[in-house]
Structures are given as C-alpha cells and as structure tokens.
Amino acid sequence: MDKKLWEKCVSFHGHECPGLAIGFRACEAAKEKLNIGFSKDEEIVCVTENDACGVDAVQVITGCTVGKGNLIFRNTGKQAYTFFRRDTKEGIRIVLKPSDREMTREEKMKYLLNAPLEDIFEFKKPRFDIPEKARIFRSVKCENCGEMAAENKIRLMEGKKVCMDCYEDYFRGWN
C-alpha cells in the first residue's frame with residue numbers, strides 16, 4: 001500500500017474510515033487491472049454506483065471528477081466502481097464482496113487496506129459501454145424563474161421553456 005497516497009486521500013476526505021479504504025483499494029485494483037494513472041482530462045472514466053466516502057479516493061487517485069465529466073454518479077446504492085480507459089476502450093467493474101465476518105470499524109479498515117484485492121472485490125465486465133465525453137451545452141433562460149440552465153435540462157411546460165426546478169411533472173401512477 002502506498003502510505004503517502006493513503007494520507008493524501010485521508011487529508012482530502014477529512015478522516016480515515018472503511019468507506020475511504022474501499023475506494024482507495026478499488027483504485028489500486030483499477031490501476032493494476034487497466035494500467036491507468038491520473039487522468040488530466042477525460043482519459044479515464046469512473047462510473048460510481050454510490051455517493052459514499054470511497055468516491056473521494058477515486059477523485060484523488062484517478063483524477064476523475066464531476067467537473068471534468070469523467071466521474072459519473074449512477075446511484076444503485078452498491079459499493080461498485082466501473083473504470084474505463086478511453087484510448088483502449090477497456091473497462092472493468094469492481095464490486096465489493098459481501099463479508100459476514102464481525103469486525104470493529106478499525107479492524108475492517110485494516111482488513112480493507114491490507115487484504116489481497118481478490119479477497120475484497122469481484123471483478124466483472126461492465127454492464128454498459130463507456131460514456132461519451134462531456135458536452136458543453138448552451139445556456140437557456142427559464143421563462144418562469146429567470147435562471148439560466150443547460151439546454152439539455154430544460155423542459156417544456158404550458159408552452160414555456162422551464163428549468164427542472166420549475167417544471168411540474170405529470171404523473172398518474174405509471175409511465
């Protein structure tokens with residue numbers, strides 16, 4: 001384990017915890033399996049299936065961020081991370097294995113940081129293709145509140161262009 005990199009993740013996140021350790025080790029696995037480094041732009045993409053502590057390690061280690069468009073949140077509530085390389089189109093889905101071992105928080109963190117990657121994670125084929133590169137959309141003024149919103153997030157309501165905050169969805173119990 002790279003102690004300096006772990007400390008950098010802890011500093012960014014604010015504290016040590018098992019969740020951060022999961023993301024840290026998932027990144028180690030991605031680096032090993034896909035031969036990736038730090039993404040300066042969108043060379044690497046991470047699709048995270050949770051919004052938990054481990055995502056902070058993903059940002060520090062891989063350089064995948066929401067702002068660059070290469071950290072994508074797909075909320076399944078699972079401790080799973082899918083990494084892609086744009087240049088080779090390779091991808092891997094890294095999923096935390098269930099554990100029925102009783103451990104304290106400290107024991108769990110130590111286990112996660114030191115156990116072999118194959119003991120911690122399942123390695124699977126991604127369930128989806130690599131997401132397209134981030135696009136820059138034109139801003140459109142909401143005709144209700146006057147705020148600007150990205151064109152792809154504007155909705156039509158009663159003939160007006162409105163933002164998602166102002167849009168009143170029509171739902172009758174089924175799609």
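Residues 24 or more positions apart account for 63% of the contacts in the chain with a separation of 6 or more. The model is predicted, and its chain contains five helices and nine strands. Along the sequence these elements are arranged as α-α-β-α-β-β-β-α-α-β-β-β-β-β. Taken along the principal axes, the C-alpha atoms fill a box of roughly 60 × 35 × 30 Å. The chain has 175 residues, of which 40% count as buried. Its exposed area is about 10900 Å², and carbon and sulfur atoms supply 48% of that area. The chain carries 31 positive and 29 negative charges, and the mean positions of the two sets lie 3 Å apart.

A search of the whole structure gives three aromatic pairs. One of them is formed by Trp6 and Phe24, whose ring centres are 5.3 Å apart and whose planes stand at 80°. An angle over 60 degrees counts as edge-to-face, so the pair of Trp6 and Phe24 is assigned to that class. The pair links distant parts of the chain, since Trp6 belongs to helix 1 (residues 3–13) and Phe24 to helix 2 (residues 18–34), 18 residues apart. Both Trp6 and Phe24 are buried.

Helix 1 also contains Glu7. In contrast to the buried Trp6, Glu7 counts as partly exposed, because its relative accessibility is 41%. Glu7 and Asn75 are 68 residues apart along the chain, and their C-alpha atoms are separated by 27 Å.

Helix 2 includes Ile22 as well. Ile22 has a relative accessibility of 6% and therefore counts as buried, the limit for this class being 20%. When residues up to four places away in sequence are not counted, Ile22 touches Gln79, Tyr81, Leu96, Leu112 and Phe121. Of these, Tyr81 falls within the span of strand 3 (80–85), and Leu96 within that of strand 4 (91–96). Ile22 and Ala134, 112 residues apart in sequence, are 27 Å apart in space from C-alpha to C-alpha.

Helix 3 (residues 54–62) is mostly covered, with seven of its nine residues buried. The buried residues are Gly54, Val55, Ala57, Val58, Val60, Ile61 and Thr62. The packing partners of these residues are helix 1, helix 2, strand 1 (44–48), strand 2 (71–73) and strand 3 (80–85). Gly63 follows helix 3 and has a positive phi, near 80°.

Strand 3, one of the elements against which the buried residues of helix 3 pack, contains Arg85. Although Arg85 is a residue counted as positive, its relative accessible area is 15%, so it is classed as buried. Leaving aside neighbours within four places in sequence, Arg85 is in contact with Leu34, Asn35, Ile36, Glu43, Glu90 and Ile130. Among these partners, Leu34 is the residue at which helix 2 (residues 18–34) ends, and Glu43 and Glu90 are residues counted as negative.

Two further side chains with a positive charge are placed over aromatic rings. The charged end of Lys33 sits over the ring of Phe123, at 4.4 Å from the ring centre. The charged end of Arg101 sits over the ring of Tyr111, at 4.8 Å from the ring centre.

Backbone angles were also examined. Most residues other than glycine have a negative phi. Lys89 is not a glycine, yet its phi is positive, at about 65°. Lys89 is located in the loop between strand 3 and strand 4 (91–96). With a relative accessible area of 60%, Lys89 is exposed. Glu158 likewise has a positive phi, near 55°, in a residue other than glycine. Glu158 is located in the loop between strand 8 (155–157) and strand 9 (160–162). Its relative accessible area is 80%, and Glu158 is therefore exposed.

Conventions. Residues numbered from 1 in each chain as written. Predicted model: local features only at pLDDT ≥ 70, side-chain atom pairs only at ≥ 80, totals over all residues. Heavy atoms only, no water. Helix = DSSP H or I, 4+ residues; strand = E, 2+ residues; numbered from the N terminus. Buried < 20%, exposed > 50% of the residue type's maximum accessible area, 1.4 Å probe, protein only. Contact = heavy atoms within 4.5 Å. Areas by Shrake-Rupley, 256 points an atom, 1.4 Å probe, with all protein chains shown as cover. Charge placed at Lys NZ, Arg CZ, Asp CG, Glu CD. Phe/Tyr/Trp six-rings, centres within 6.5 Å; stacked < 30°, edge-to-face > 60°. Lys NZ or Arg CZ within 6 Å of the ring centre and 35° of its normal.
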